[in-house]
Amino acid sequence: KKIRDSLGRAGGISWLLQVLEGWPTQQDLTLWALSSTIEETTRNQYEFCVNHGVEILSRAILDELPPVNVKSNQAVPTQPSDLQLRRLYLLTIVAHENSDMQKWLLKPLTLETIGRCIKAYINEPSALAHLMVLLSSLTEVQPQAAERLGRSEILLAALQARETHGTIEPVITDNCDRAMSNLLQSNVLPQPVVDRILTAIPHLQPPPPPTA
């Protein structure tokens, strides 16, 4: 724990992020070191964010994804590497139970990363589990999350992932349900989106009626 604290205070996270960008052959070790450093310390999570860790990680994740099919505008389903799974896990650590960090991640680049990953890894429960945990964490920031996600394709992709794998992966079901419940209770989603969510997950509570 003392080493983790020291890394956060002495510019260690900034250095690790520079290694992550500039030394591709050491990505596995670097990602492991970053995960260990920010796992339990809010200060170190903050240092990760202010040193552009979210942006660096998001771009690295996007770089590994196959290109979108121009004709169909659909992602080509693929398998994540072990490095990609570690990158996704690292993002879930940053967002876990920390509203300041969750707000930091509610950016177009991060949301693009989540949406493209869900589509690309639609047949990969291990990756989808990380993505649903991340989505669940981000939707705790209301109403900002609902305003940014309400008209995006992420929600439809998440519901498809739940339908495909939910019966065999409780982590996907539980976190997708929690995310959709958070969004519904924000009461700012467009009605067609509300209807789509409630059709897919009928046991969720509908949004509260508008106040007079």
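**Note on selected local features of the model**

1. At 23% relative accessibility, Trp104 counts as partly exposed, because this class covers values between the limits of 20% for buried and 50% for exposed. The structure under discussion is a predicted model, and each remark below should be read in that light.

2. Trp104 also takes part in an aromatic pair. With ring centres required to lie within 6.5 Å of each other, the count comes to 1 aromatic pair. Its members are Tyr46 and Trp104, whose ring centres are 5.9 Å apart and whose planes meet at 85°. Because planes over 60 degrees apart count as edge-to-face, the pair of Tyr46 and Trp104 is classed as edge-to-face. The pair joins distant parts of the chain: Tyr46 belongs to helix H4 (residues 42-50) and Trp104 to helix H7 (residues 99-105), with their positions 58 residues apart in numbering. A student may find it useful that a pair of aromatic rings is described by two quantities, the distance of the centres and the angle of the planes.

3. Is Tyr46, the partner of Trp104, buried, exposed or partly exposed? Its relative accessibility is 42%, so Tyr46 counts as partly exposed.

4. Helix H4 also packs against helix H3 (residues 27-38), at an angle of about 135° and with the axes 7 Å apart. H3 and H4 are therefore oblique to each other, because the angle does not exceed the 145 degrees beyond which a pair counts as roughly antiparallel, and lies outside the range of 65 to 115 for roughly perpendicular. From H3, the contact is made by Leu34, Thr37 and Ile38; from H4, by Asn44, Gln45 and Phe48. By type, the residues of this contact comprise 3 nonpolar, 3 polar and no charged.

5. Which backbone feature marks His52? Its phi is positive, about 65°, although His52 is not a glycine. His52 is located in the loop between H4 and helix H5 (53-64). With a relative accessibility of 48%, His52 counts as partly exposed.

6. Asn187 likewise has a positive phi of about 65° and is not a glycine. It is placed in the loop between helix H12 (170-186) and helix H13 (191-200). The relative accessibility of Asn187 is 36%, so this residue counts as partly exposed.

7. Where is a cis peptide bond found? The bond from Gln142 to Pro143 is cis, with omega near 5°. Pro143 lies in the loop that runs between helix H9 (125-138) and helix H10 (144-149).

Methods:
Residues numbered from 1 in each chain as written. Predicted model: local features only at pLDDT ≥ 70, side-chain atom pairs only at ≥ 80, totals over all residues. Heavy atoms only, no water. Phe/Tyr/Trp six-rings, centres within 6.5 Å; stacked < 30°, edge-to-face > 60°. Helix = DSSP H or I, 4+ residues; strand = E, 2+ residues; numbered from the N terminus. Buried < 20%, exposed > 50% of the residue type's maximum accessible area, 1.4 Å probe, protein only. Axes fitted to C-alpha atoms, helices over the stretch in contact; angles between N-to-C directions. Parallel < 35°, antiparallel > 145°, perpendicular 65-115°, else oblique. Contact = heavy atoms within 4.5 Å. Nonpolar A, V, L, I, M, F, W, Y, C, P; charged D, E, K, R; others polar.
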